[in-house]
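Hi,

Here is the structure I promised to pass on to you. Please have a look at it first, and then read my notes below with the model open beside you.

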Amino acid sequence: MRDIIQAIKDAGVVGAGGAGFPTHVKLSATVDTVIANGAECEPLLEADLAVMALEPVKVLEGLKIAMAATGATRGYVAVKKKRESVLRAMTELVQGEEGIEVFALDDVYPIGDEHVLVHEVTGRYVPEGGLPLEAGVVVSNVTTLASVADAAKGRPMISRYVTVAGAVARPITARLPIGTSVADAIALAGGPQTERYRVIMGGPIMGKLAPDTSAVVTKVTGGIIVLPADHPQVKMRESDIGTIIRQAKAACCQCMSCTETCPRHLLGHRIAPHLIMRAVSMSPGAPPDAVASAWLCSECAVCATVSCPSGLSPVRVNQALKASMARKGLRNPYHEKGIVSHPLRGARRVPSSRVITRAGVGSYAARPGTSYAEAGRTAHYSAGTECLSEAFEPDRVIIPLLQHAGAPAMPCVKVGDEVRKGQPIAEIPEGKLGARVHASISGLVSDIGNAITIVAGRRG
Ligand code: SF4
Ligand code: SF4
């Protein structure tokens, strides 16, 4: 197994669905179960859907490699029930595979959250503030597992499916080289449909505002969402934390709706966002450890998007508190293993349709019936974006040295070097957690800073 772990490390594979944790480290753990996470619960995103529809064999191969590497005897491909044709195809594919089955997920948000997913699929609880491997499980995104299968064949992680949606002429899901600019991606989607717009990198609920269209696709970019500049999801992100807290002081009526629907609270974690809001509002009655419980927030934004009748944002407060505590060197003190979910958890799970409506992105969703085609094979299934099968080759890529958890990669090329697609251009610093970085197009290295810029065309 050392060989496959080394191959994954050499290929620079990182978790494609979240913080970009290096996969060679994750798969060095010993567990009994691996879950291929195909939930993709953010509205509008269909990047994981594209992988499952177009590269299902790779997903299965990656899952089997992950199981072998971790010693797991059970594997699940977790797919939402609403993805009927993918669910059917994956179910057929795993027939006869020992210990592997497909698990059909309800269409609730955020069912792809690792704590929620592990409980839904296995019935186990990940300890609050803990990792799935403490419950004997590795959760790996389906895009990551497809990259693991590529790595086993010596192919590095140099591109990924990205959904470009929202206020664009032609919502698409396309395989884009790492380092492709947001401007190029939006142009590929027919351009913006509004003059004044902002871009969210990731999904519309949990994604981050891009400073401008020079932002680039990284190994963890599943979506590029274009929204009008005055869209509530943009305005909410633009509000400074002082304003958010002033609003909490003025308008939080302590109705507890945020707590009653908080997915982590419902799993039994000791987080109650209404108490955190009470604490930051300096209102009486907040328990002394309320602020520290912000560590347990997954930042799913159910509280801000769906729950709060006053339009407040407990999630932004929690993000600010976590950042502040981290700056002070404080650590999460919560690590209860014996948690039990709320008796009403099942009834209080939030349907994805409600999230889509409350997030104000319903008008950008649902154009079902699109065909995905690749190499002469056409798979028909419900999708809201058009999947481009042709490879996109930008004129220039800007490849960040830090697009993963850990230390930035160290360049091993210099300005003026000619590089070919797939060639390593930055290495993991000695003794550090990190991931290798490769050229995603062939060309000339024109700049090196926090990223390596390659201009296409010098080498085919
Ligand atoms: S973002 Fe809100 S709903 Fe989600 S875990 Fe944090 S407090 Fe709970
Ligand atoms: S839902 Fe809104 S108003 Fe109600 S307790 Fe939470 S933050 Fe306060």
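Helix 3 (residues 47-54) is mostly covered, with eight of its eight residues buried. Buried means under 20% relative accessible area, exposed means over 50%, and partly exposed is anything in between, using a 1.4 Å probe and the protein chains only. The buried residues are A47, D48, L49, A50, V51, M52, A53 and L54. Helices (H or I, at least four residues) and strands (E, at least two) are DSSP runs, numbered from the N terminus.

Before going further, a word on the basis of all this. This is a predicted model, so local features need pLDDT of at least 70 and side-chain atom pairs count only at pLDDT 80 or more, while totals for chains, interfaces and linings use all residues. Residues are numbered from 1 along each chain as its sequence is written, chains are lettered from A and ligands numbered from 1 in the order in which they are written, and side-chain values use heavy atoms, with hydrogens and water left out.

Just ahead of helix 3 comes E40, in the loop between strand 1 (33-38) and that helix. E40 has a positive phi of about 40°, although it is not a glycine. Its relative accessibility is 13%, so E40 counts as buried.

On the overall layout, the domain assignment gives domain 1 (2-157), domain 2 (238-349) and domain 3 (395-460). These bounds come from an automatic or database domain assignment. The C-alpha centres of domain 2 and domain 3 lie 39 Å apart.

Now the ligands. What surrounds ligand 1? Its shell has 13 residues, and the closest are C262, C297, C300, A301 and C303. A residue belongs here if one of its heavy atoms lies within 4 Å of the molecule. Helix 12 (263-266), helix 14 (302-307) and helix 15 (314-327) each supply at least two residues of this shell. By class, the shell around ligand 1 has nine nonpolar, two polar and two charged residues. For these classes, Ala, Val, Leu, Ile, Met, Phe, Trp, Tyr, Cys and Pro count as nonpolar, Asp, Glu, Lys and Arg as charged, and the others, Gly among them, as polar. C300 has a relative accessibility of 8% and so counts as buried.

Ligand 2 is surrounded by 13 residues, and the closest are C252, C255, M256, C258 and C308. Helix 11 (257-261) and helix 13 (273-280) each supply at least two residues of the shell around ligand 2. That shell divides into nine nonpolar, four polar and no charged residues. M256 sits in the loop between helix 10 (241-251) and helix 11. Like E40, M256 has a positive phi without being a glycine, in its case about 75°. M256 is partly exposed, with a relative accessible area of 33%.

With so many cysteines named, you may wonder how many disulfides there are. A search of the whole structure finds zero, where a disulfide is a pair of cysteine sulfur atoms within 2.5 Å. C253, for one, is in no disulfide, and the nearest cysteine sulfur, that of C255, is 4.2 Å away. C253 is exposed, with a relative accessible area of 52%.

Next, S352, which is found in helix 17 (residues 352-358). At 4% relative accessibility, S352 counts as buried. Leaving aside neighbours within four places in sequence, S352 is in contact (heavy atoms within 4.5 Å) with K80, D107, V108 and Y109. Y109 also leads into a cis peptide bond: the one from Y109 to P110 has omega near 0°. P110 lies in the loop between strand 4 (108-109) and helix 6 (114-122).

Further along the chain, D395 is in the loop between strand 14 (386-388) and strand 15 (396-400). Is D395 buried or exposed? D395 is exposed, with a relative accessible area of 63%. Leaving aside neighbours within four places in sequence, D395 is in contact with I441, I454, V455 and A456. D395 and I356 are 39 residues apart in sequence and 35 Å apart in space, C-alpha to C-alpha.

Last, a sheet. Three strands form an open sheet in the order 16-18-19, with antiparallel pairing. Strand 16 (410-411) and strand 19 (437-438) are the edge strands, each pairing on one side only. Two strands pair if DSSP finds at least two bridges between them, and strand 16 and strand 18 (residues 424-427) pair over two bridges. In strand 18, A426 is the bridge partner of P411.

Best wishes
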